[in-house]
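Thanks, everyone. Let me put the structure up, and we'll walk through it piece by piece.

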Amino acid sequence: MRLVIAMMKHETNTFSPVRTDWQRFRDWGAYLGPEARRAYEGTAMPIGAYLKLAREIGAEVVTPVAAEAMPSGPVAAEAYELMAAAILDAVRSGCDAAMLDLHGAMVAATAPDGEGTLLERVRAVAPDLPIAVTCDLHANLTERMVRNCTALVGYKTYPHVDMHIVGEQVGRILLRAMQGEIRPVMGWARRPLLAQTLRMGTDDEPMRTLIEMARAEERRGLLAATVFGGFPLADFADAGTSAICIADGDAAAAQGAAERLMDAAWQRRDDFLYRHEPLEQAVARAKALMDGPVLLLDHADNVGSGGTQDVMTVLREVMRQGLEDVAVAAVFDPDAVRQMAAAGVGARVTLALGGRTDMPAIGRRGEPLTVTGRVRTLSDGEWVVRGPMYTGVRVSMGPSAVLDTGKVEIVVVSRHHEPWDQGVFTSLGIDPKTKRYLLLKSRIHYRAGFAALARATVTLDGDGVTTSDNDRLRFERVRRPIFPLDRINAP
Ligand SMILES: [Zn+2]
């Protein structure tokens, strides 16, 4: 048996000014041919699970591409077409099945429905090809995606710590179908609901209940049941919350379960909205907390959802109110790293830090923050994830440095990186367990690495293109009416 196994992933924030070209994929990890296999074999990624299954059954494996970029603006045509062509060429040269590790919220310049278009092209080349697909919990599911694959399953956790489990689940469904043991049929449903990412953590309501409902459907006999929170920062017709279920031969059972899941999501639609708190008040509340570490979430500039990672609004307020013993991860500013490297460890420097990127989508210019401190650490920014998310994957933050102002230690990086693992600090000599405050440019994924050590968490509403304030964004393409942009009461 010959399997095409590939990964092509990007969560596209159409409001983000950060360019998504092929170089951005290479910065995070983009491999072609056998290198793709070497990079991801043994990792906890869905593609790692596919490779493990292939080895188990002694299949011949072709890995045309494994590429992911940190979330950012629409994917440039050259990058999308390069990845899609690699997969299509591999399918065209002959295979028995394809296992694809996708995101589900990729918007490309040439293909707004990035995953649907890819799958449609694959099916055009090989109409009966069995295709297994994993998607992120933040996928914006489309009819085109569902129509052009055999089995599609999404993560049930946010932070995404079950990627390997889901890869194995859908991979096994596909292999069993190919053996003639089962006949997977999919049913899917959605509601006009643009849920907010900050309200999608699967340890919190309402996702906790919805995910438990999906698990119950699987216990009752469905091959798989998925609830997608969706990705609301993609201004794309099909953005929003959806469900997809897979039954063995019984289309009505799959459809019925998907509708039940979506009815429950719709009933709880108000719970998917984040309640705003003025920044000054939230920082003051954090200042009064005595027991650390306290996590401070700069969620409106969450690079893991397309943030520029150099918005200084929250750090400015934290410093203005004089919080002490703070570690920050991380500010994106390659120039500042270069200046610190030139000055050397121990040197005292004054920098115009961050604020390099304008954000036309929210009508804001970049505003640097002037900070003075000592260069504490310099590093190449390379480390391997040991925590529960992306376990085993090598990450590169590019040349990195720590600026110590006395009260605040600021990690400054040259490549975008969401802090979901303690390695973001420990690789630079900061022990996060000993700090009173950890200021993280993250939204929910921080929980993978930091929830266990947090005594309290305070969400801080700053500026940025991952804002949870819909009034700051201009939606033009998403289908209307949709809640909460439109206060509709019935689906
Ligand atoms: Zn996600």
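Start with A98. Its relative accessibility is 1%, and buried means under 20%, so A98 counts as buried. Keep in mind that this is a predicted model.

Where does A98 sit? It lies in strand β5, which covers residues 97-102. What does A98 touch, leaving out residues up to four places away in sequence? The contacts are V4, L129, P130, I131, A132 and L174. Now jump to G322. From A98 that is 224 residues along the sequence, and 55 Å through space, C-alpha to C-alpha.

Next, the sheets. A quick reminder: strands of a sheet pair through backbone hydrogen bonds, either parallel or antiparallel.

Take the sheet of three strands. It is open, the order is β8-β10-β9, and the pairing is antiparallel. Which strands stand at the edges? They are β8, residues 184-190, and β9, residues 224-228. Each has a single partner strand, so one side of each is left without a neighbour in the sheet. The twist in this sheet averages 15° from one strand to the next.

Look at one pairing in there. Strand β10 covers residues 242-248, and five bridges link it to β9 in the antiparallel sense. For a concrete pair, take T226: its bridge partner in β10 is I244. Then there is a helix on this sheet. Helix α9, residues 251-267, packs on it and touches β8, β9 and β10. The direction of α9 makes about 25° with that of β8.

On to the sheet of eight strands. This one is open too, and its pairing is mixed. Read the order with me: β13-β14-β17-β18-β12-β19-β11-β20. The edge strands are β13, at 348-353, and β20, at 456-460, and each pairs on one side only. Here the twist averages 30° from one strand to the next.

Inside that order, β14 (residues 369-379) and β17 (residues 400-404) run antiparallel, joined by five bridges. One residue to pick out is V375, whose bridge partner in β17 is L403.

Which helices pack on this sheet? One is α10, residues 279-287. It touches β11 (294-298), β19 (437-440) and β20, and its direction makes about 165° with that of β20. Another is α11, residues 313-320. Its contacts are β11, β12 (326-332), β14, β18 (408-413), β19 and β20. Against β14, the direction of α11 makes about 100°.

That's my tour. Over to you.

Key: Residues numbered from 1 in each chain as written. Predicted model: local features only at pLDDT ≥ 70, side-chain atom pairs only at ≥ 80, totals over all residues. Heavy atoms only, no water. Pairing = 2+ DSSP bridges. Helix = DSSP H or I, 4+ residues; strand = E, 2+ residues; numbered from the N terminus. Axes fitted to C-alpha atoms, helices over the stretch in contact; angles between N-to-C directions. Contact = heavy atoms within 4.5 Å. Buried < 20%, exposed > 50% of the residue type's maximum accessible area, 1.4 Å probe, protein only.
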